[in-house]
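Visitor: Hello! I would like a close look at the disulfides in this protein, one at a time. Could you walk me through them?

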Amino acid sequence: MSNRFLNIAKPILFWRRLFAVMFCTSLLIPLDVVSQRAEAQVNNYCQLSATATQEKDNLRALAQKGDQQAQSNYRQLLQQHAQALRECRSRTWPQVQAIWLRLYPCDIQPGAIDQIMDRIVSRGYNQVFLEAFYDGQVLLPAKANPTVWPSVIRTPGSEKVDLLAQAIQKGRERGLKVYAWMFTTNFGYTYAQRQDRQGAIARNGKGQTSLYVVDNGSQVFIDPYNLQAKRDYYQLQQEIIRRRPDGVLFDYVRYPRQAGTDSIATKVSDLWLFTEATQQALFQRAQNYKGLDLIRRFLSKGYVTAGDIADVDKVYPTEGEPLWQGRTPPAVTAEKSLMTANERQPLLQVELWQLAVAHAMQGILDFVTLASYPAQQLGIPAGVVFFPEGNQSLGQGYDSRLQPWDRFPSNLEWHPMLYANCADTGCIVSQAQRVLSMAKPGTQVIPALAGKWGESISNRPPLEVQMQALRQLAPQLKGVSHFAYSWQYPEHDGDRKFCRVR
């Protein structure tokens, strides 16, 4: 060894020893070596080992104390973990693995979001579905919130804190894509407290709003045909998109789910058609006066009688069959023309019921189109979240949620919630089969699973067991999401939810 080499080597050894005294032995490893170790310590699910995760936690803690060297090393380590995650996900099924996340006011504390995002990366996730609008609150700064909803962060002194923008930024620094996850037709309890928005709230034929039929008393579903509700949501969507998330997801794209026998809508009074905007739009579907008259009678009573049909025939003698959008009446023949009002009544009764259900569902579809427009205009992916059973017909009735997901546009991502609970994967696989059988070619289906890694929870198998069953059924799927961060880290979620902001 030459003297020249020794002269160079001694200072290097000195600084390394000094660094060891100041920090910890595990942080002495050159960062390129750490990168190689991170890749080597990624398991079959792209999760970092406990050792690699702890190294990152140590660096973050030191960086938050203001040490500049630790801050630099931490930033480099984040990039290296991001690269390791990208490479692992590119060769591992599924290529997209997302997690659902809710932030709380406590997350404005320094380092809180960094810790959350670090944990998400360490668990092998490369996307985050972040709640931006939920329970009648919006994740916008109080000082920059022009919407009708209050901000999630209402702590004095933090009026300018933009948690949504921060989370998007910090996620991207770690190689994560961050979607804005939003409630849709469920506007929340705060909306119902506004006297100037009472006409926008959906009502059924019993005069009830969703506050009276949903157990937790916080869900307020709106009339999707109401112009004021559309304007309010459109403004909200524009504010969310201004933060440039990597995508948007629309949840609660439906009507309220009711309990017991009311979970099946079997009569007109079960439907959420009893608001002015919805009724006016329904009446406009009539294509002649006979059709309009029968629609009005059906809506007011829930049925039409032979007498109603005979009356309509007398009032409008120059018109043929009652007509409305989608109705193709029986061909008029000599035999048909002799049919009495009694003979026509059963068919008209069924067709009016089908019209009412279809009209309710169309309101949901139209609202989704409106909601997704701002994102799609900017080329930001948009998706819809739904229950696989939410569109079922049950005899002459329908699932009370009236969620027509099989008619959602195929240019939207489909996020079916495979939350069936039967202690094994059989029911989950059945839900996935139903969705895949109805999806048009080219539709991007990204199922959501509920569970926890490594253990059963709430009678559901561990996530890896559910993942294996889903992959065996549909290896062509490119993405899967997991509900939720709160299930993965329940203690941390509880601490964040109930802490005191300092």
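Guide: Gladly! Let us start at one cysteine and work outwards, keeping in mind that this is a predicted model. Cys106 has a relative accessible area of 5%, so this residue counts as buried, the limit being under 20%. Its partner is Cys499, and the two sulfur atoms lie 1.8 Å apart in a disulfide. Unlike a buried residue, Cys499 is partly exposed, with a relative accessible area of 28%. The link between Cys106 and Cys499 is left-handed, with -130° about the S-S bond. This pair ties together distant parts of the chain, 393 residues apart. Cys106 sits in the loop between β1 (96-101) and α5 (112-122), while Cys499 belongs to the segment after α17 (490-498).

A short reminder may help here. A disulfide is a covalent bond between the sulfur atoms of two cysteines.

Now for the next pair. Cys46 and Cys88 are joined by a disulfide with an S to S distance of 2.1 Å. Here Cys46 is buried, at a relative accessible area of 2%, and Cys88 is buried too, with a value of 2%. Their link is left-handed, with -90° about the S-S bond. Cys46 and Cys88 are 42 residues apart and also connect distant parts of the chain. You will find Cys46 in the loop between α2 (31-40) and α3 (50-64), and Cys88 in helix α4 (residues 68-91).

One pair is left to visit. Cys422 and Cys427 form a disulfide, with 2.1 Å between their sulfur atoms. The torsion about their S-S bond is about -95°, so this disulfide is left-handed. Cys422 counts as partly exposed, at 31% relative accessibility.

Let us put the pairs together. The count comes to 3 disulfides. If you number the bonded cysteines in sequence order, the pairing reads 1-2, 3-6, 4-5.

While you have the structure open, take a look at the nonpolar interior as well. The largest nonpolar core has 115 residues, and those with the most contacts inside it are Ile120 and Phe408. Helix α13 gives the most to this core, with 15 residues. Apart from it lies another core of 14 residues, including Trp100 and Trp487. As for Ile120, its contacts include Ile99, Leu101 and Tyr485, leaving aside residues up to four places away in sequence.

Note on methods: Residues numbered from 1 in each chain as written. Predicted model: local features only at pLDDT ≥ 70, side-chain atom pairs only at ≥ 80, totals over all residues. Heavy atoms only, no water. Core = buried A, V, L, I, M, F, W, Y, C linked by side-chain atoms within 4.5 Å. Buried < 20%, exposed > 50% of the residue type's maximum accessible area, 1.4 Å probe, protein only. Helix = DSSP H or I, 4+ residues; strand = E, 2+ residues; numbered from the N terminus. Contact = heavy atoms within 4.5 Å. Disulfide = S-S within 2.5 Å.
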